[in-house]
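Reader: I'd love a close look at one part of this model, taken slowly and with the terms spelled out. Could you pick a good place to start and follow the connections from there?

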Amino acid sequence: MSIFTRRIRSGLLVLILTGVTVLVAGPQGMASPAGAQPTGPVGSLASYEGNRVKEAGDPKVWLVLCGQRANIPNERIYEGLFRDWEGIVTMSDVGSIGQGAGLNGAFLAKGPSAHVYLVRPEGGRKHYIASESAFNRWHFDWDKIITTDQSYLDRLSNGCILG
């Protein structure tokens, strides 16, 4: 049986057919950077999106990003992204969230504009952070944003928007 969901997110009509996201129509003059299109989790995963999660008794911390869990490989990466270690959600079955690409080498960056991104150099992706409230909800640290050349950011593929 096919699962069909229709939703409006940031002015975009998104159809989700059995877990596949299809962009049907988009707005003109969207505030996000050119080419960035919101995608994200569906169903029960939506409640974990943007959370740092771990399993009881396991020190490994994951970030739920784009509907999947992304491994935070070490303390250096963690502390380069997040304000502190508060608010990590302990789950009984972290494995129930599909595993995606990790955050090896990840950092927060902006170019000359006000747009801030979570950059994942391994895999060549940038994730636009949609607003100040989104930045705070994801528990990122404002003091960790690195200013970089716009040409570097332009070479990266657009990942899901962090809202």
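Author: Let's start where strand β5 (residues 62-65) runs antiparallel to β4, the two being joined by 2 bridges. This is a predicted model, in which local features need pLDDT of at least 70 and side-chain atom pairs count only at pLDDT 80 or more, while totals for chains, interfaces and linings use all residues. Residues are numbered from 1 along each chain as its sequence is written, and side-chain values use heavy atoms, with hydrogens and water left out.

Two words need pinning down. Strands (E, at least two residues) and helices (H or I, at least four) are DSSP runs numbered from the N terminus. Two strands count as paired if DSSP finds at least two bridges between them. As background, the strands of a sheet pair through backbone hydrogen bonds, in either a parallel or an antiparallel way.

Within this pair, Arg52 stands opposite Leu63 of β5. The two strands form a hairpin with 6 residues between them, and Gly57 in that turn has a positive phi of about 80 degrees. On to another partner of β4 (residues 52-55): with β7 it pairs in the parallel sense, over 3 bridges. Here Val53 has Val89 of β7 as its bridge partner, and Lys54 stands opposite Thr90.

Where do these strands belong? They sit in an open sheet of 4 strands with mixed pairing, in the order β6-β5-β4-β7. Its edge strands are β6 and β7 (89-91), each pairing on one side only. Neighbouring strands of this sheet are turned by 40 degrees against each other on average, direction ignored. For such values, axes are lines fitted to C-alpha atoms (for helices, over the stretch in contact), and angles run from 0 to 180 degrees between N-to-C directions.

Between β5 and β6 there is a loop, and Cys66 has its place in it. The phi of Cys66 is near 60 degrees, a positive value in a residue other than glycine. Cys66 counts as partly exposed because its relative accessibility is 25%; the classes are buried for under 20% relative accessible area, exposed for over 50%, and partly exposed in between (1.4 Å probe, protein chains only).

Cys66 also leads us to the largest pocket, which holds about 160 Å³ of space. Of its 15 lining residues, the closest to the centre are Cys66, Ala101, Arg120, Arg125 and His127. The elements that give two or more residues to this lining are β6 (68-71) and β10 (125-129), and β6 gives the most, with 3 residues. In this scheme, on a 1 Å grid over the protein atoms alone, a cavity is a set of points where a 1.4 Å probe fits but cannot get out, whereas a pocket is an open set with protein on both sides within 12 Å along at least five of seven lines; lining residues have an atom within 4 Å of a point. Grid points are joined across faces, edges and corners, and the volume is the space filled by probe spheres set on them.

What kinds of residue make up the lining of the largest pocket? They divide into 5 nonpolar, 6 polar and 4 charged. Ala, Val, Leu, Ile, Met, Phe, Trp, Tyr, Cys and Pro count as nonpolar, Asp, Glu, Lys and Arg as charged, and the others, Gly among them, as polar.

The other contributor, β10, is mostly covered, with 4 of its 5 residues buried. Strand β9 (residues 116-120) pairs with β10 in the antiparallel sense over 5 bridges. In that pair, Arg120 stands opposite Arg125, and both are among the residues closest to the pocket centre. The hairpin of β9 and β10 has 4 residues between the strands, and Gly123 there takes a positive phi near 105 degrees. In addition, β10 pairs in the parallel sense with strand β12 (residues 157-158), over 2 bridges, with Lys126 opposite Asn158.

So the walk that began at the β4 and β5 hairpin reaches, by way of Cys66 in the loop after β5, a pocket whose lining draws on both β6 and β10.
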